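Biologist: I am new to this structure, and before I rely on any label I would like to hear how each was reached. Could you show me the chain and take the terms one at a time?

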Amino acid sequence: MKLLVPITTVVSTFAMPTMSVSVFSRYSGGHACGRAWAANELSRSQLGEWAIQHFYYIDPIPQQFALLYSRLPDLDARQHLLENLLGEEMPGRPGKRHPDLLRKFARACGVGDDDIYRAEEKGLILPTTRAMRAWIWELASQRTMAEAFSGIMVALEGQLPTLYPMLVDAMHKMGFDDQQLEFFHVHIENDPGHEASGLSIATRYANTPELQRRAIAAVRASAQMRYSMLSGMQAAFGLRQAA
Ligand SMILES: [Fe+2]
């Protein structure tokens, strides 16, 4: 899966000309899983395996955002994050929480709620997926604001509106309908701009050379974590033949 963040933007925004863009290219190139997905080379059951892992990663995102919210000193940054959090939790709209939409997609792939909710007990969660979720907890709870906004909003969240349309096209060809793909649609429709606003907030907090270096390192780390999570799935679910 491709890291579509324009890393050059991050680097230039943080005015770090000495940081080589090539440092990131190792991690930001398209992952074989994403290319195979976009090329219709994955089966429904393989997408179901992805959904189990992805659910484990995103299920605590609202609490992680809430934790980050509680640490934010600035009103406008809090409001940005709160909007984002409400978009994840969808109060008053039963079944529309993002984890619920992902469960709906999983069902369309033949994966029931039992495998989603009891994935950990059943030993289904890969260490690489666990590492991704733990990294987001660490960013939200322990790291500087510069690192948290760079590592979450810029490196991860901002990618989805660009990445998901390719996957939706492929899944339409597989016979999925738009209801089943609602998880992907809401990210395509609602998330544009998250990267830009995340970057502007990250830039505000990255106000020393050291914090700028840390922010860039967080972008790189998030890209690595995502790549590693996909590689873990590739190794575990036999996606290798699709590479
Ligand atoms: Fe989401």
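**How the labels are earned**

Modeller: Let me begin just after α14, where Gly-238 takes a positive phi of about 65 degrees. This is a predicted model, in which local features need pLDDT of at least 70 and side-chain atom pairs count only at pLDDT 80 or more, while totals for chains, interfaces and linings use all residues. Residues are numbered from 1 along each chain as its sequence is written.

Biologist: How many helices and strands does the chain have, and what makes a stretch count as one?

Modeller: The chain comes to 14 helices and zero strands, where helices (H or I, at least four residues) and strands (E, at least two) are DSSP runs numbered from the N terminus.

Biologist: How do you know that the span of α14 agrees with its number of residues?

Modeller: The expected span of a helix is 1.5 Å times one less than its number of residues. Helix α14 (residues 209-236) has 28 residues and should therefore span 40 Å, and because its end C-alpha atoms are 40 Å apart, the two values agree.

Biologist: Ala-218 is found in helix α14; why is Ala-218 called buried?

Modeller: A residue is buried if 20 or more other C-beta atoms lie within 10 Å of its own, exposed if 12 or fewer, and partly exposed in between, with C-beta atoms placed from the backbone. Ala-218 has 27 C-beta neighbours inside 10 Å, so Ala-218 counts as buried. Leaving aside neighbours within four places in sequence, Ala-218 is in contact with Leu-139, Arg-143, Glu-147, Ser-150 and Gly-151, a contact being two residues whose C-beta atoms, placed from the backbone, lie within 7 Å. The C-alpha atoms of Ala-218 and Ile-152, which are 66 residues apart along the chain, are separated by 8.6 Å.

Biologist: What makes you say that α10 is mostly covered?

Modeller: Ten of the ten residues of α10 are buried, including Glu-147, Phe-149 and Ile-152. For the chain as a whole, 43% of its 243 residues count as buried.

Biologist: Which residues touch the most other members of the largest nonpolar core, and what makes a set of residues such a core?

Modeller: A nonpolar core is a set of buried Ala, Val, Leu, Ile, Met, Phe, Trp, Tyr and Cys residues joined through C-beta atoms within 7 Å. The largest one has 63 residues, of which Ala-51, Phe-105, Ala-106, Phe-149 and Ala-202 touch the most other members. The largest share of this core, ten residues, comes from α14. Ala-51, leaving aside neighbours within four places in sequence, is in contact with Leu-102, Phe-105, Ala-106, Cys-109 and Val-111.

Biologist: Why are α10 and α13 called roughly antiparallel?

Modeller: Axes are lines fitted to C-alpha atoms, for helices over the stretch in contact, and angles run from 0 to 180 degrees between N-to-C directions. Angles under 35 degrees count as roughly parallel, over 145 as roughly antiparallel, 65 to 115 as roughly perpendicular and the rest as oblique. Helix α10 (residues 145-154) and helix α13 (residues 194-205) pack at an angle of about 165 degrees, with their axes 8 Å apart. That angle makes α10 roughly antiparallel to α13. Phe-149 is among the α10 residues at this meeting, and Ala-202 among those of α13.

Biologist: How do the packings of α5 with α6 and of α5 with α9 read on that scale, and why?

Modeller: Helix α5 (residues 61-71) and helix α6 (residues 75-89) pack at an angle of about 165 degrees, with their axes 9 Å apart. α5 is therefore roughly antiparallel to α6. With helix α9 (residues 127-141), α5 packs at an angle of about 20 degrees, the axes being 8 Å apart. α5 and α9 are therefore roughly parallel to each other. Gln-64, Leu-67 and Leu-68 of α5 make this contact with Ile-136, Trp-137, Ala-140 and Ser-141 of α9.

Biologist: Why are Asn-40 and Met-90 called partly exposed?

Modeller: Asn-40 has 14 other C-beta atoms within 10 Å and is therefore partly exposed, and Met-90 is partly exposed because its count is 16. Asn-40 lies in the loop between α3 (32-38) and α4 (44-58), and has a positive phi of about 65 degrees although it is not a glycine. Met-90, in the loop between α6 and α7 (98-108), has a positive phi of about 50 degrees and is not a glycine either.
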